[in-house]
Amino acid sequence: MPLMTSWVESANSPDTDFPLNNLPYGAFLTDEGEACCGVAIGDMILNVSAMEADGLIGLDGEEEVFLLGDWSDFMALGAAHWTAFRAELTTLLGADCKDPQALVPYLVPQAGTEMLMPFHVSEFTDFYAGKNHAVNVGTIMRGAENALPPNWLSIPIGYNGRASSVVIDGTDVRRPWGQLKGPNDDLPRFEPCKRFDFELEMGAIVGTPSDGPVTVQEADDMIFGYVLLNDWSARDIQGWEYQPLGPFQAKATATTVSPWIVTKAALESFRTSTPERERELLPHLQEPAPMLYDIALEVGLAPEGKEETIITRTNYSVMYYSSAQQLAHHTTSGCPMNTGDLLGSGTISGPTKESRGALLELSWAGQEPVTLDSGETRTFLEDGDTLTLRGAAQGDGYRIGFGACGGKVLPALDDPYAR
Ligand code: MN
């Protein structure tokens with residue numbers, strides 16, 4: 001598919017994340033302090049909440065879907081409405097629009113506009129579905145002999161995370177305290193985390209709910225769209241607490257997502273398949289069609305007051321399980337899934353050292369520090385570091401971008417129990 005042109009000039013640049021082909025959904029704060037639903041087009045935002053209020057856009061038979069500046073109600077309406085609304089936006093913002101002047105008052109510049117969470121996060125589940133990551137972490141934690149747990153090739157391993165600490169791009173993240181115990185310590189100490197890390201992931205957002213087991217195809221149909229996701233991780237807290245029930249406080253401090261939901265429709269021409277299997281999956285987890293995506297990803301690290309260094313480049317297509325497979329697996333027990341459920345893909349690490357999706361792997365648990373452009377080195381994140389994920393699917397003369405997913409690490413409190 002070539003670039004689709006828009007009367008919004010900035011949307012026609014090959015460098016924009018948001019051409020007419022994309023049309024991602026976000027929420028923003030107006031100058032009047034009102035939360036509104038918006039669609040990104042070039043360097044502008046189309047205020048669809050205001051357009052709905054003025055009767056300029058609407059969903060057949062549905063009223064005030066965008067009133068509260070949250071896409072959750074729209075997500076719950078299902079695929080027929082998603083398709084119809086995207087078609088309406090494509091006509092309104094396309095180069096052949098009959099009356100663009102009527103829409104100009106509804107455009108807001110992205111620059112300087114505060115973005116808000118675009119949907120209500122019902123629950124958050126995080127997976128461990130990248131093979132390079134699982135092998136690397138398993139080797140670090142348990143040795144090369146036992147790197148992949150025996151269940152890994154049969155199911156996408158996951159844990160139930162916290163929706164309450166999912167935050168949007170630009171939110172500062174405070175270094176947590178927790179129980180730490182080194183290999184030579186008899187007992188744990190309560191101290192600030194010393195091995196604070198990121199995890200480069202994609203987040204899949206459930207649109208339509210389910211009640212009972214669903215197939216992989218049904219799961220794919222339920223997914224509304226995708227965001228970039230940083231699963232901030234306290235490695236030293238994790239190392240002590242994770243056996244036998246998995247991560248808990250190590251992952252609960254914060255999870256950052258990018259502000260724009262890139263829809264499945266925008267990513268359609270970038271579908272790709274999960275890799276060949278060394279162990280055949282049971283039928284209920286087999287993919288009937290390509291359900292992974294070719295999305296180039298990178299991570300930048302900027303120390304306080306210094307230039308950013310890109311510390312990794314990889315691609316979502318290296319994952320072993322797609323989000324549709326993860327969602328299908330999630331329902332096998334009969335677990336209901338709701339509108340706004342967020343599924344983290346698991347850390348996306350490529351096969352090479354330069355494409356690893358976490359500092360734990362990049363610095364090999366601290367043994368091989370990463371050198372930044374400033375000459376400084378990092379084993380794990382330091383206070384004042386800003387960590388930013390970016391991603392885009394590259395089309396012919398355009399790209400489907402996700403915007404940024406960033407956050408700055410604030411120093412730990414002196415003592416969280418000092419009252
Ligand atoms: Mn994770």
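Thr-347 has a relative accessibility of 1% and therefore counts as buried. The cut-off for this class is under 20% relative accessible area. The model is a predicted one. In this model, Thr-347 sits in the loop that runs between strand 22 (342-344) and helix 9 (359-362). The side chain of Thr-347 reaches the side chain of His-133 in a polar contact of 3.4 Å. His-133 is also one of the residues that Thr-347 touches, once residues up to four places away in sequence are set aside. The others in this set are Gly-130, Glu-199, Leu-200, Glu-201, Met-319, Gly-357, Ala-358 and Glu-361.

Helix 8 is a second buried part of the model. This helix spans residues 323-331, and nine of its nine residues are buried, so helix 8 is largely enclosed by the rest of the structure. The buried residues begin with Ser-323, Ala-324, Gln-325 and Gln-326. Leu-327, Ala-328, His-329, His-330 and Thr-331 complete the list. The cover over these residues includes several strands: strand 6 (124-127), strand 7 (158-160), strand 13 (200-206), strand 14 (223-231) and strand 22. Helix 5 (216-222) is also part of the cover.

On a broader scale, the protein chain is divided into two parts. Domain 1 covers residues 9-116, and domain 2 covers residues 124-410. Their C-alpha centres are 29 Å apart. Across the boundary, 24 residues of domain 1 are in contact with 25 residues of domain 2. Together the two domains bury about 2000 Å² between them. Carbon and sulfur atoms account for 67% of this area. Three residues of domain 1 stand out here: Tyr-25, Met-75 and Trp-82. They supply 29% of the area that domain 1 buries against domain 2, more than any other three residues.

Polar links also join the domains. One salt bridge is counted between domain 1 and domain 2. A salt bridge is formed by the side chains of Arg-399 and Asp-17, with an N to O distance of 2.8 Å. Six residue pairs are in polar contact between the two domains, with both residues at pLDDT 80 or more. On the side of domain 1 that touches domain 2, the elements giving two or more residues are strand 1 (25-29), strand 2 (35-41), helix 2 (72-77), helix 3 (79-93) and strand 5 (115-116). Helix 2 gives the largest share, four residues. By type, this side of domain 1 holds 14 nonpolar, seven polar and three charged residues.

How values were computed: Residues are numbered from 1 along each chain as its sequence is written. This is a predicted model: local features need pLDDT of at least 70, side-chain atom pairs count only at pLDDT 80 or more; totals for chains, interfaces and linings use all residues. Side-chain values use heavy atoms; hydrogens and water are left out. Domain bounds come from an automatic or database domain assignment. Contact means heavy atoms within 4.5 Å. Buried area is the accessible area (1.4 Å probe) that two parts lose on being put together, summed over both. A salt bridge is a side-chain nitrogen of Lys or Arg within 4 Å of a carboxyl oxygen of Asp or Glu. A polar contact is a pair of N or O atoms within 3.5 Å; within protein, one must be able to donate a hydrogen and the other to accept it, and residues adjacent in sequence count only if both atoms are side-chain atoms. Ala, Val, Leu, Ile, Met, Phe, Trp, Tyr, Cys and Pro count as nonpolar, Asp, Glu, Lys and Arg as charged, and the others, Gly among them, as polar. Buried means under 20% relative accessible area, exposed over 50%, partly exposed in between (1.4 Å probe, protein chains only).
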